[in-house]
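This report walks through one protein model, from overall charge and shape to single residues. Please look over the sequence and the fold before reading on.

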Amino acid sequence: MKKYENSFFDICKGSGDALAFLGYPGDPSDMNWIEGKKKWGETVVPDGISVSVDRQFTKEGNFQETYTFTNSTRFPMFFPKTDIGVYATFNDNYQEASTCLGQRCHTHIFCGGQAAYVMALRMSGRGPHLGLKVIEGSIEAYSVERDLEQRSNDRGDFILHPGIGKLEPGESARVVWELFWYETREDFVQNLLDTPGFPVVLQDQCTWFTGEMILLKVACREKSGDRQAVIRCKGQDIHYQTEEKEGVTWITAEIKAEEPGECRCEIEWGNRRTYALFYICESVEKLASKRCCFLAEKQQCFDENSRLNGAYIIYDGEEKRLYYSHRDDHNGGRERLAMGVLMAYWLRRHPDKRLEWSLEQYVNYVYRELYDGNTGTVFNDIGHNLDWDRLYNYPWMAQFQLELYHLKGEEKYLSDVYRTLMQYYRKGGIHFYGIGVPAEETRNELMKRGRCEEADILKSMMRENADEVLKNGLCYPESEVAYEQSIVAPAVSCLLQAYEGTGEEKYLDGAKQQLEVLSLFNGRQPDYHLYENAIRHWDGYWFGKYRRYGDTFPHYWSVLTGVEYIRYERLTGDKSYRARAEASLRGCLNLFFEDGAASCAMVFPEKVNGEKGRYYDPWANDQDWALYYALRYLSD
């Protein structure tokens, strides 16, 4: 592990108790790891609480900060979770990709109590990166304050909330953390393990199916005299095994995944407490079965006097009724095509007359309101509305038509897929990073039908698109968000499909580079909301009922990363991506509920701009892409 001793000297700049600049000397990008409307180290406290801040360097060269909170009143003071906070304004801000890659970071936060940490990764993947670990006290939650003028392009100012429940008059509590540089994810973990008494939960999976055995893994370099660790789950002590490796004690425990829902494991080791948070769910098949029944029974519009007749539209889980608005992300088309895609894929495997009738009504709706079979034009909403001729809509329509072709075996639908994709490329798809473009799959189906000329034309379009992606490299074009996971994932997809279709190594080499950048969006904190789920932070506003920005952990498009992990593994034989792919695909299943209802986003921070967070939005909107991909790949 590369050491970065004393590297904070002379570069932690600020006034008073707050910092405005923090960087690594000699960094060619001259990155400031601090950004926001607030300065690093500003605090949130109620009246009557005084704060003192101390900063110093450790003998290891880490930068240590101590925040002491004192009750200055004559009365006891009790604190809700978000009453006390410290601004840790990591530079998780989004501009054009060239700026982001060198001068911005992905901030992976684990509010793990007395073993809390932050892994901040420069978006390019080039070290050094910045880490934070709690030395004393605890961090129990985080909130964000968004710069709403930047809309979807600023993740916000992070506020870390210490675990201070109450203070008597004159009593003080403090939180101490250290900032350190590291080179790789592995170096980050090693730095935590080099901290005596710091338990680190290191999982391969955080979402489990009923009947599986949950495997918990924790490692710690024990302090002299530390007592034996204690693991509790649902009030029961859990038996575990221990093993010593290079001065680090590893404990492993197995827990039967029984009832669906959260499974929280409390971990006590020495003087520290932390946790692992798992999710147990039914099999993907059972989830999909219930979801498709819900779509047919509760999420489909039947009104012969309406253009929406036959449509799958938004369902409000609070008000128990359908919802539609011509607003782009609430309308009768676009991302909501996922519901038809899921239904068609499900019926291919599980014929059901009632569901087949439901899908047929939806097909009639789509071809009547959202698609021009002569030109291949995909409309933005009902009535052939094209207020926005949105390129993203074309691949999703093509995927729907491809699933209809697989289900029905009618060549008409394959012709529609081809027509849709050709229109996509003609309208600018050559230069676009489309989500879920089924180009290579379509080409293969055309070849099977002997339609070689069309297959060659499609292959030519794929190559042009891939060559454009290769030319751009990591200089991604801005889309609806300046830089995000679902720009990088389509770049990987485009290159891997081109490699599959041509066998040319340049496309595989390009995909490898893109895949490494894509993986940086995903954290590995031992919490099913976070583990191998990509950072996304705007979807709750655009697609949710409550229209609230803030980290969405999970958001369904996170599965795009897992899909590309699987595609890469299948093309190269590199099995190291299999577990990560499975974790990515499983990680969004908590968006689907036992009764078949669903949520478009889980807004994860404790508060967002002072408003309540930590909720699943009540709208079932566009999340079914996650279940479709999980059903398609996990079942295989």
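For the charge count, Lys and Arg are positive and Asp and Glu negative, while His and the chain ends are left out. Each charge is placed at NZ of Lys, CZ of Arg, CG of Asp or CD of Glu. On that basis the protein carries 76 positive and 98 negative side chains. The centres of the two sets are 1 Å apart.

The model is predicted, with local features needing pLDDT of at least 70 and side-chain atom pairs pLDDT 80 or more, while totals for chains, interfaces and linings use all residues. Residues are numbered from 1 along each chain as its sequence is written, and side-chain values use heavy atoms, without hydrogens and water.

## Overall shape

The C-alpha trace spans about 75 × 50 × 50 Å along its principal axes. The radius of gyration is 25 Å, which agrees with the value near 26 Å for a compact globule of 636 residues. That radius is taken over C-alpha atoms, and the globule rule is 2.2 Å times the number of residues to the power 0.38.

The protein has 15 helices and 32 strands. Both are DSSP runs numbered from the N terminus: helices are H or I with at least four residues, strands are E with at least two.

Of the 636 residues, 61% are buried. Buried means under 20% relative accessible area, exposed means over 50%, and partly exposed lies in between (1.4 Å probe, protein chains only). The protein exposes about 23700 Å², and carbon and sulfur atoms supply 45% of that area. Areas come from the Shrake-Rupley method with a 1.4 Å probe; for residues, only the protein chains shown count as cover.

Contact means heavy atoms within 4.5 Å. Among contacts between residues at least 6 apart in sequence, 68% join residues at least 24 apart.

## The cores

A nonpolar core is a set of buried Ala, Val, Leu, Ile, Met, Phe, Trp, Tyr and Cys residues joined through side-chain atoms within 4.5 Å. Which members of the largest nonpolar core touch the most other members? They are Y425 and Y483, in a core of 206 residues. A second, separate core has five residues, among them I314, F543, C600 and A601.

Beyond four places in sequence, Y483 contacts Y94, Q95, A97, C100, L101, M123, Y476, V488, V517 and F521. One of these partners, V517, sits in helix α11 (residues 505-519). V517 has a relative accessible area of 3%, so it is buried. With sequence neighbours up to four places away set aside, V517 touches L101, M123, S124, L474, Y476, Y483 and V488. V517 and Q485 are 32 residues apart along the chain, and their C-alpha atoms are separated by 9.2 Å.

Y182 belongs to strand β14 (residues 172-182). Its relative accessible area is 1%, so Y182 is buried. Y182 and A120 are 62 residues apart in sequence, with 9.7 Å from C-alpha to C-alpha.

## Loop residues

Four loop residues are set side by side below.

| Residue | Loop between | Relative accessible area |
|---|---|---|
| S29 | β2 (18-21) and β3 (43-44) | 17%, buried |
| R151 | β11 (139-145) and β12 (157-162) | 48%, partly exposed |
| D194 | α2 (185-193) and β15 (200-201) | 33%, partly exposed |
| H384 | β27 (377-378) and α6 (393-408) | 35%, partly exposed |

S29 contacts G102, Q103, R122 and R126, not counting residues up to four places away in sequence. The C-alpha atoms of S29 and R185 are 20 Å apart, with their positions 156 residues apart along the chain. For D194 and L496, 302 residues apart along the chain, the C-alpha separation is 39 Å.

## Backbone geometry

R151 is not a glycine, yet its phi is positive, at about 50 degrees. H384, also a residue other than glycine, has a positive phi near 55 degrees.

Where are the cis peptide bonds described here? One runs from G127 to P128, with omega near 5 degrees. P128 lies in the loop between β9 (117-122) and β10 (129-136). Another joins F553 and P554, with omega about 0 degrees. P554 is in the loop between α12 (539-543) and α13 (559-572).
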